[in-house]
Amino acid sequence: MVQLLTMEISKVLRLNSVRFGLLILVVFPLLWSYAPGIFKVYGFYLVSGFQVPALSLLSSMEFLLPLLVAIVSSELLGMEFTHGTLPTILLRPVGRSQWLLAKVLIVALFPFLILLFFLAVSMVAGLPYGYEAFVGGTGLGATGLLGDGLLAPGGAFRELLRAYGMAAFSLVPVSLLAILFTVVLKSSAGGALATMSVLVVMQLLVVFPWLEPYLLTTQLSAYITPDARMGWVVTLVALYCTAFAAVSVVLFERKDF
Amino acid sequence: MSTPAIETENLSKLIRSKPIVRDLSFRVNPGEVYALVGPNGAGKTTVIRLVAGLAFPSSGSVRMFGCDPFEKPEVRARLGAVVEAPAAFYPYLTGRANLELHARLAGSVPEKRIDEVLVLMELGHASDRRVGVYSLGMRQRLGVAAALLTRPELLILDEPASGMDPLSLHLVHHVLKRAAMEGTAVLLSTHHLDEVVAYCTRVAIMEDGALIDEVNLLDRRERYRARVSDPHSARAELDIYPWIKHVTIRADEVVFILAEPEALGRVAGVLSEVGVELYELARDTFDLRAYYLERVAAQRAENVDAALQAVGVG
């Protein structure tokens with residue numbers, strides 16, 4: 001399994017979507033940090049470096065990060081169809097489920113790695129504003145950017161870590177859904193498109209209020225969810241992950257290649 | 001008798017309710033080269049995928065060294081295969097890096113073996129180039145190299161020589177022939193009938209998903225014809241000897257298969273003892289291409305008749 005994981009990691013690093021995604025994640029916080037017209041458009045000024053990672057996350061969780069995660073996950077499996085390497089690999093004495101599980105583990109880990117990178121880059125981008133205590137909020141706490149008086153650096157950093165951690169966790173089902181669709185459609189583009197379509201449809205399903213708490217898209221905003229609901233979110237996300245991974249493996253085991 | 005490397009029984013495959021492979025039964029023994037030939041769309045590639053354990057049979061069974069390859073994937077450690085034409089590799093990795101990856105997946109392949117197969121397939125000079133810049137023939141040769149990496153007991157190859165120049169073609173067939181001589185069972189699908197005749201043991205002719213004929217080329221290679229004064233007496237006499245496997249009459253000739261190739265010299269003596277004059281003794285060359293075309297055409301005509309009858313015409 002370690003062998004398979006190592007191989008998959010080296011494949012991830014070679015994906016064009018990953019390289020392009022990393023570039024975007026570098027540019028994004030720099031834009032927020034510089035943003036000359038921020039007051040005119042949004043009605044606020046940045047007063048702390050801690051607000052740059054927060055704004056970067058808030059503005060990318062809606063679309064950019066789910067899209068990146070869906071594309072990379074689909075591509076990691078879809079590349080085997082594109083290059084025709086899947087049959088060749090499956091002819092080696094490696095169990096199908098074992099091989100797919102290596103991919104599943106890597107794509108499940110991917111949101112954490114990408115958000116760790118995003119946090120680091122955003123922190124660097126926020127350097128011009130400094131990281132001292134400030135009056136206001138990071139944008140990720142209950143009181144938004146206005147805050148609740150003086151916010152110490154430790155408290156602000158904890159808010160960022162919690163939000164980035166939760167955001168990464170809530171993106172894992174998106175990765176696994178992309179893997180599931182790629183298994184079904186045997187295509188990277190198809191897998192990513194189907195995943196994004198499902199997310200868009202789910203966003204429309206909020207018109208059914210009783211359904212909203214269960215939707216995957218609702219959990220994507222878990223990083224700004226009050227702590228009291230965290231248990232529910234974690235359970236639901238874990239259930240989504242288990243279901244998507246299990247169905248992927250079962251379908252993959254029965255597929256003709 | 002040793003366990004067959006491959007054994008299929010009534011193997012069938014339906015794709016969207018359409019039969020792609022019908023009721024196929026054959027076996028490939030160690031040391032044998034078994035070729036699947038047939039027109040495009042006859043179902044050869046599907047058979048290869050079913051046998052290699054990449055596709056699931058709709059009915060019937062496949063056994064690899066007596067095991068079900070789906071239930072026991074570890075049996076594939078004894079298999080080397082090329083199932084894509086051209087052979088599929090990561091284009092961004094070098095030929096050597098691709099083989100190293102295969103070696104890691106296969107487990108316990110010494111580094112030296114990678115060099116060996118690269119040299120064997122005449123890719124030593126290109127081993128450090130990215131596969132993306134390889135020609136079609138080079139990819140195919142790298143495919144065969146990857147298949148040979150683990151010194152497999154069974155080789156399964158789908159069109160191993162497609163897109164190759166005559167020299168590469170010769171190389172691949174030479175390597176496969178040698179592998180078979182060392183005891184490896186080889187199953188391949190091909191359109192190169194002339195090469196097949198030269199070294200295959202048996203040829204299965206496929207048409208419309210069915211195996212319509214199986215030709216034992218080993219027998220054909222040891223088949224001789226003798227033009228004689230009295231074919232009936234000659235047949236009766238030759239039939240007695242254990243070093244003659246089979247005798248038939250064809251016009252004014254007897255056609256026979258030798259059980260012991262070195263016994264050919266005894267034929268003239270035996271015939272003269274019974275007063276049969278021998279005018280000509282020669283190898284009975286077998287034209288696989290002509291035979292194949294004839295069999296496929298006949299099968300197609302049969303299929304058309306059956307289809308017409310099914311719709312109430314003819």
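## Helices α1 and α7

In chain A, helix α1 (residues 2–14) packs against helix α7 (residues 96–125) at an angle of about 50°, and their axes are 9 Å apart. Angles between 35 and 65 degrees fall outside the parallel and perpendicular ranges, and α1(A) and α7(A) are therefore oblique to each other. The crossing in which α1(A) passes α7(A) is right-handed. These values belong to a predicted model.

On the side of α1(A), the contact is made by A:L4, A:L5, A:E8, A:I9 and A:V12. The residues of α7(A) that take part are A:Q98, A:W99, A:A102, A:K103, A:L105, A:I106 and A:F110. Sorted by class, the contact of α1(A) with α7(A) comprises 9 nonpolar, 1 polar and 2 charged residues.

## Helices α8 and α9

A second helix pair in chain A is formed by α8 (residues 153–185) and α9 (residues 188–204), which pack at an angle of about 130° with their axes 8 Å apart. That angle makes α8(A) oblique to α9(A). Here too the crossing is described by its hand: α8(A) passes α9(A) in a right-handed crossing.

From α8(A), the residues A:V174, A:L177, A:A178, A:F181, A:T182 and A:L185 enter the contact. They meet A:S188, A:G190, A:G191, A:A192, A:A194, A:T195 and A:V198 of α9(A). By class, this contact of α8(A) with α9(A) holds 8 nonpolar and 5 polar residues, and no charged residues.

## Architecture of the chain

The two helix pairs belong to a chain with 11 helices and 2 strands. Read from the N terminus, the elements of chain A follow the order α-α-α-α-α-α-α-β-β-α-α-α-α. Chain A has a radius of gyration of 20 Å, close to the 18 Å given by the globule rule for 257 residues, so chain A is as compact as a globular protein of that length.

## Dimensions, burial and contacts

Taken along the principal axes, the C-alpha atoms of chain A fill a box of roughly 60 × 40 × 30 Å. Within chain A, 46% of the 257 residues count as buried.

The contacts of chain A can also be described by separation in sequence. Among contacts between residues at least 6 apart in sequence, 75% join residues at least 24 apart.

Technical notes
Residues are numbered from 1 along each chain as its sequence is written. Chains are lettered from A and ligands numbered from 1 in the order in which they are written. This is a predicted model: local features need pLDDT of at least 70, side-chain atom pairs count only at pLDDT 80 or more; totals for chains, interfaces and linings use all residues. Axes are lines fitted to C-alpha atoms, for helices over the stretch in contact, and angles run from 0 to 180 degrees between N-to-C directions. Helices (H or I, at least four residues) and strands (E, at least two) are DSSP runs, numbered from the N terminus. Angles under 35 degrees count as roughly parallel, over 145 as roughly antiparallel, 65 to 115 as roughly perpendicular and the rest as oblique. A crossing is left-handed if the near helix is turned anticlockwise from the far one by less than a right angle, and right-handed if clockwise. Two residues are in contact if their C-beta atoms, placed from the backbone, lie within 7 Å. Ala, Val, Leu, Ile, Met, Phe, Trp, Tyr, Cys and Pro count as nonpolar, Asp, Glu, Lys and Arg as charged, and the others, Gly among them, as polar. The radius of gyration is taken over C-alpha atoms; the globule rule is 2.2 Å times the number of residues to the power 0.38. A residue is buried if 20 or more other C-beta atoms lie within 10 Å of its own, exposed if 12 or fewer, and partly exposed in between; C-beta atoms are placed from the backbone.
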